[in-house]
Amino acid sequence: MFTIFLFDLDGTLVPMDMEHFMNEYFQAVSCKFAHLIEPKKLIKEIFEGTMMMINNLNPRQTNKEVFWSYFAPRIGIPPEVLVPLFDEFYNNDFTNIKRITQPNPLARPMLERLIKNGYQVVIATNPVFPENAIRERLNWVEIGDLPYALVTTYENMHFCKPKIEYYEEVLSNLNARPEECLMIGNDVEEDLVARKLGIKTFLVEDWLLNAKNLPIETDYRGSFKDLAEFLKQAINC
Ligand SMILES: [Mg+2]
């Protein structure tokens with residue numbers, strides 16, 4: 001049975017309308033950099049840099065390296081100048097976006113129960129953000145302080161969802177076999193692709209995303225509340 005639980009973050013643990021989030025994020029980041037970079041250009045290049053990370057399959061480059069080797073030259077400002085500004089943004093300004101999310105009162109008790117009972121919990125969020133941004137979003141739902149087995153970030157990963165290489169890298173980092181894991185997420189493409197490796201999936205439907213209208217192939221599905229019930233039944237937790 002499962003010993004490792006991989007949780008997607010946005011729309012799974014953190015209730016979130018991704019489009020609303022991205023709009024707010026781009027607005028806040030453009031504001032922060034308006035004195036240096038024309039907002040339209042900044043947004044375009046962040047978007048393009050993110051696509052570079054998602055499409056990169058070079059195992060020798062972290063997502064961070066992929067992003068910055070594209071982004072800094074395009075913007076024409078060295079990373080030594082930009083990185084500290086981005087850090088400042090994620091450590092301070094980013095928190096204002098919290099208002100677009102709602103609390104998920106079931107998230108923390110579920111994660112705590114799993115960890116207390118000896119299960120490993122992974123934050124398997126798409127690693128296109130730096131660790132400080134991901135930690136900040138974990139804090140939005142008050143789960144930033146828990147002892148996770150792994151939190152995937154753009155610093156520690158070389159691949160992104162929906163590439164199966166992302167899940168291979170997670171398994172390899174945990175030294176785990178697919179059948180030990182359950183992937184829990186709200187995105188039909190990004191999260192359910194884990195099944196290709198033999199990882200079972202639970203599709204959380206409260207904030208379901210299916211941008212490409214793909215056929216839904218999952219082992220289990222339901223609301224976040226159903227997930228709590230499922231864990232009770234499956235592992236008595
Ligand atoms: Mg998600």
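Where is the place of N175? N175 is in the loop between helix 7 and strand 4, with strand 4 covering 181-185. I'll come back to that loop. One word of caution before we go on: this is a predicted model.

Let's start with the overall layout. The chain is divided into two parts, called domain 1 and domain 2. Domain 1 comes in two stretches, 4-16 and 102-234. Domain 2 is a single run, 19-98. How far apart are the centres of the two domains? Taken over C-alpha atoms, 24 Å separate them. The domains do touch. On one side, 20 residues of domain 1 take part. They are in contact with 24 residues of domain 2.

Now the pockets. The largest pocket has a volume of about 1100 Å³. It is lined by 40 residues. Which of them are closest to its centre? They are M18, T50, I54, V128 and E190. Four elements give two or more residues each to this lining: helix 1 (18-33), helix 2 (39-55), helix 3 (63-75) and helix 4 (79-91). Helix 2 gives the most, with 7 residues. Both domains take part as well. The lining draws at least three residues from domain 1 and at least three from domain 2. What about chemistry? The lining divides into 21 nonpolar, 7 polar and 12 charged residues.

Next, the second largest pocket. Its space is about 190 Å³. Which residues line the second largest pocket? Going along the chain, we have V188, E189, L192, V193, R195 and K196, then L214, P215 and E217. By class, that gives 5 nonpolar and 4 charged residues. There are no polar residues in this lining.

Let me pick out a few single residues. Take E88 first. E88 lies in helix 4. Is E88 buried or exposed? Neither label fits, because its relative accessibility is 38%, and buried means under 20% while exposed means over 50%. So E88 counts as partly exposed. What does E88 touch, leaving out residues up to four places away in sequence? The answer is K32 and D93. There is also a long-range pairing to look at on the screen. E88 and N132 are 44 residues apart along the chain. Their C-alpha atoms are separated by 9.7 Å.

Then N104. Look in the loop between helix 4 and helix 5, where helix 5 is 107-116. N104 is buried, at 13% relative accessible area. Its contacts, leaving aside neighbours within four places in sequence, are T12, L13, P15, V141 and F224.

On to the cysteines. A disulfide is a covalent bond between the sulfur atoms of two cysteines. How many disulfides does the structure hold? The count is 0. C160 is in no disulfide, and the nearest cysteine sulfur, that of C181, is 19 Å away. That rules out a bond, because a disulfide needs the two sulfur atoms within 2.5 Å. C160 is buried, with a relative accessible area of 0%. C181 is in no disulfide either. For C181, the nearest cysteine sulfur belongs to C237, and the distance is 16 Å. C181 is buried too, at 1% relative accessible area.

Last topic: backbone geometry. Most residues other than glycine have a negative phi, and most peptide bonds are trans. Here are some exceptions. Which two residues does a cis peptide bond join? They are K161 and P162, with omega at about 5°. P162 lies in the loop between strand 3 (150-151) and helix 7 (164-174).

Now back to N175, as promised. N175 is not a glycine, yet its phi is positive, about 55°. N175 counts as exposed, at 73% relative accessibility. N236 also has a positive phi, near 60°, and is a residue other than glycine. Where does N236 lie? It is in the segment after helix 8, which is 224-235. N236 counts as exposed, because its relative accessibility is 68% and exposed means over 50%.

To recap: there are two domains, a largest pocket of about 1100 Å³, and 0 disulfides. Thanks, and over to you.

Key: Residues are numbered from 1 along each chain as its sequence is written. This is a predicted model: local features need pLDDT of at least 70, side-chain atom pairs count only at pLDDT 80 or more; totals for chains, interfaces and linings use all residues. Side-chain values use heavy atoms; hydrogens and water are left out. On a 1 Å grid over the protein atoms alone, a cavity is a set of points where a 1.4 Å probe fits but cannot get out, and a pocket is an open set with protein on both sides within 12 Å along at least five of seven lines; lining residues have an atom within 4 Å of a point. Grid points are joined across faces, edges and corners, and a volume is the space filled by probe spheres set on the points. Ala, Val, Leu, Ile, Met, Phe, Trp, Tyr, Cys and Pro count as nonpolar, Asp, Glu, Lys and Arg as charged, and the others, Gly among them, as polar. Domain bounds come from an automatic or database domain assignment. Buried means under 20% relative accessible area, exposed over 50%, partly exposed in between (1.4 Å probe, protein chains only). Contact means heavy atoms within 4.5 Å.
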